[in-house]
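Grab a pencil and work through these exercises with the model open beside you. Try each task before you peek at its solution.

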Amino acid sequence: MTDILIVDDERDIRELVSDILEDEGYTTRLAGNSDECMAAINAEPPALLILDIWLKDSNMDGIDILKTVKRDNPDVPVVIISGHGNIEIAVAAIKQGAYDFIEKPFNIDQLLVVIRRAMETSRLRRENLSLRRRETGAARMIGASPAFRALVGQLDKVTKSNGRVMLSGPAGSGKEIAARYVHAQSNRASGPFVTVNCASIEPERMEEVLFGREGSDRGVEKGLLEEAHGGVIYFDEVADMPIGTQSKILRVLVDQQFQRVGGTDKVRVDLRVISSTNRDLQAAIAAGAFRQELYHRLNVVPVSVPSLSDRREDIPLLAEHFIAHFNETQGLPLRPLSDEAVALMQTMEWPGNVRQLKNLIERVLILGDGAGPIEAPELPGDSPAGDAEGRVVLSGALASLPLREAREAFEREYLLTQINRFGGNISRTASFVGMERSALHRKLKSLGVVTTAKAGARVAHLDDGEDDDL
């Protein structure tokens, strides 16, 4: 399938993108508003959707269309484009299921890279769905930070039991990798590992997908629960499971049996259940969106998966792992990381966590020139710290302060960043910044910077009056 639907309220933009893609061998369809878009999708779902966030004179904006497409056609990858892009819109689009986000005016080469990746990902997903559901290979856990070691320590404690595990953590932090690690180390490792993506399955189809069906022209169709018999079923983002299905899953957890849709016979299963969420389930319970009984059944062993920002020490290890992975699987250059690139990555914001880091490494390897070290300018960091003459470029906020206040603000932010980069290790921070440890302690105290334990590591922040210690 090479059919791409381009949705943009600017005729010049959609025709330009169409011409470029058709030159690359793709077939395209165009839509200028939400009505035209939905009519085109309903007539024939495209292989890929390129979607503008802001659509003038439309009943639906890009996010509304994205939600509808991911609900009704979850296998169609969606690439968001916008001339008004910011990190909030990008994060919202990714959370709703968008494959990637590109800001206007976009780089043509970057657009083509993203489209090729999305098309290939979609093709592989369709062709290998059954295989992926039964994947039993060990998930490799990468890291050495205190937060990572604490996570692995918790996971190791639950591998040999049959207890239900609830993994909580932000999107992209590696919750499924953690679930696969538990499965691979358990006595069910030879059994299937079946993923239920609760957010991508249409609510009206959820029960058929989980329980299977009887009485159709195709006879008995097994659901995911049967496919997971003897192994692990993983409910990814369980907060998105329809409330009506939750009560039936609760009964399965109690009885270890169920009826297929349209059937009368009881189907017995032997399952271990692992769940994950990036949302506050207690708030969902209070709002009536999640059943409290199911929460208590699933949350037997709660395990928190740290964000990438809580394990910045692991960024070089993860980046090197992804470089080796893409070299092995795609033949991309096996490029080392420069010290400046490592330092920049350890201070960047990572709202997409490990998944975002992996995508970034792939993009750099594809677009980069040669096989030399990956340098800091290749990374999409914040505005450069200096200009061509080597002068430091000040932010407007910093430039408006008197010298003493500006110096304190810079020192505070600089030291907060460095301490968190080194996982709260004051000795390593002092060595890097070129200060004696005792002098650094005094400086931190004067700036109101303290550290506290979080996710097995120490995190620096401004003193809020609690009893913290450095």
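**Exercise 1. Work out the strand order of the open sheet and find its edges.**

Step 1: Five strands line up as β2-β1-β3-β4-β5, with parallel pairing. Strands here are DSSP E runs of at least two residues, helices are H or I runs of at least four, and both are numbered from the N terminus. Two strands pair if DSSP finds at least two bridges between them.

Step 2: β2 (27-31) and β5 (100-103) each have a single partner strand, so one side of each has no neighbour in the sheet.

Step 3: From one strand to the next, the twist averages 20°.

A quick note on the model: it is predicted, local features need pLDDT of at least 70, side-chain atom pairs count only at pLDDT 80 or more, and totals for chains, interfaces and linings use all residues. Residues are numbered from 1 along each chain as its sequence is written, and side-chain values use heavy atoms, leaving out hydrogens and water.

**Exercise 2. Find how many bridges join β3 to β4.**

Step 1: Look at β3 (residues 48-52) and β4 (residues 78-82): four bridges join these parallel strands.

Step 2: Leu-51 sits opposite Ile-80 in β4.

**Exercise 3. Decide whether Thr-245 is buried or exposed.**

Step 1: Locate Thr-245 in helix α10.

Step 2: Its relative accessibility is 2%, so Thr-245 counts as buried (buried is under 20% relative accessible area, exposed over 50%, partly exposed in between, with a 1.4 Å probe and protein chains only).

Step 3: Skipping residues up to four places away in sequence, Thr-245 touches Met-206, Glu-207 and Leu-210 (contact means heavy atoms within 4.5 Å).

How values were computed. Axes fitted to C-alpha atoms, helices over the stretch in contact; angles between N-to-C directions.
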